[in-house]
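Good morning, and thank you for joining. I shall speak briefly about strand pairing and the nonpolar interior of the structure shown here.

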Amino acid sequence: MNVTILDDYFDTIRTLPSFQKLTGHSVRIWNDHVQDIDQLAERLKDTEILILIRERTQIRGPLLERLPKLKLISQRSVYPHIDVDACTRLGILLSSDQHPGTPSYAAAELTWGLILAAIRQIPQQMHALKAGKWQIGVGATLRDKTLGIYGYGRIGSTVAGYGKAFGMEVLVWARETSLVRAKADGYSTANSKKEFFETSDILSLHMRLVSATRNIVTAADLACMKPDALLVNTSRAPLIEAGALVNALRAGRPGMAAVDVFEEEPMRDTNNPLLNMENVVCTPHIGYVSRDEYEIQFSDIFDQVRAYVAGNPINVINPEVLER
């Protein structure tokens, strides 16, 4: 079958051991990012199976309607970028493994890397050293500080464990069922959202972006944070009210931020305020981008392709297509 893979920026997928699972298919891999519908429609006109790398490309109705040969979209994890209703209407199957119980250790590890980088000013110190300067500031230690975990799911609970290993006091704020699990795991929970933001020295967001969590962090929340606190976001930018983080950093509460996600991605605007603040560490949404994580993800994605071709689709999001 004709298989297309989009947004493989560094041509990594063909080097994975799991890529052999696509042997026998005609595979086209695109290494750039395109969102223009006309360009995508031309690229995908003969595609029967479309493989996506997370949420890099928006797959909406106007595009899907121009892809008459498309039968399957195979990906992993959440799918806010895909018009599932349009897929169902057009008879396109969506398979997406939700990998229950399996966190992205790559994302959790990057979160911790950003915490250390920001709290110890590692990027700023490195930049200064390259410019011939020696020690431009004084960082802080993590031991005995309070690590706030907002959202106690697979990644949030993993990051909480890292905080415990570093001798931090872990404080959790989340929906009620998650708070129960956090307490069962031995962590403290905040009495209120306001207390959570006021108390945390490092506050890390770990929630999926759904309608209920969009803009869940407001300007008022950020204004409650300590002047020397650090806000970390490796989840999704729209969890925070648009513009609120930049304004809060300018106002001095919190005093620092470390972000791996942006409102528009890929984000190539060098004038973005977050890129030009000395108290912010930024990375280009690389939380899940590791060779080990890719192998795990694409092994699942290619298994979905093989199952579909064999006539036994798995991890189906819109089973209505199968009922026709």
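**Strand 4 and the nonpolar cores**

Strand 4 and strand 5 (residues 93-97) pair in the parallel sense over five bridges; strands here are DSSP E runs of at least two residues, helices are H or I runs of at least four, both numbered from the N terminus, and pairing requires at least two DSSP bridges between two strands. Within strand 5, D97 is the bridge partner of R76. Between these strands the chain passes through helix 3 (residues 84-89), in a right-handed β-α-β crossover, that is, clockwise from the first strand over the helix to the second when the strands point away from the viewer.

Please note that this is a predicted model, in which local features need pLDDT of at least 70 and side-chain atom pairs pLDDT 80 or more, whereas totals for chains, interfaces and linings use all residues. Residues are numbered from 1 along each chain as its sequence is written, and side-chain values use heavy atoms, without hydrogens and water.

Strand 3 (residues 49-51) is also parallel to strand 4, through three bridges, with L50 opposite I73.

Is strand 4 covered on one face or both? Both faces are covered: L72, S74 and R76 on one side, and I73 and Q75 on the other, are buried (under 20% relative accessible area, 1.4 Å probe, protein chains only).

Turning to the interior, the largest nonpolar core has 53 residues, a core being buried Ala, Val, Leu, Ile, Met, Phe, Trp, Tyr and Cys residues joined through side-chain atoms within 4.5 Å. Helix 4 (residues 105-119) gives the most to this core, seven residues. A second, separate core of 20 residues includes L6, L67, L70 and A86.

Definitions and conventions:
Buried < 20%, exposed > 50% of the residue type's maximum accessible area, 1.4 Å probe, protein only.
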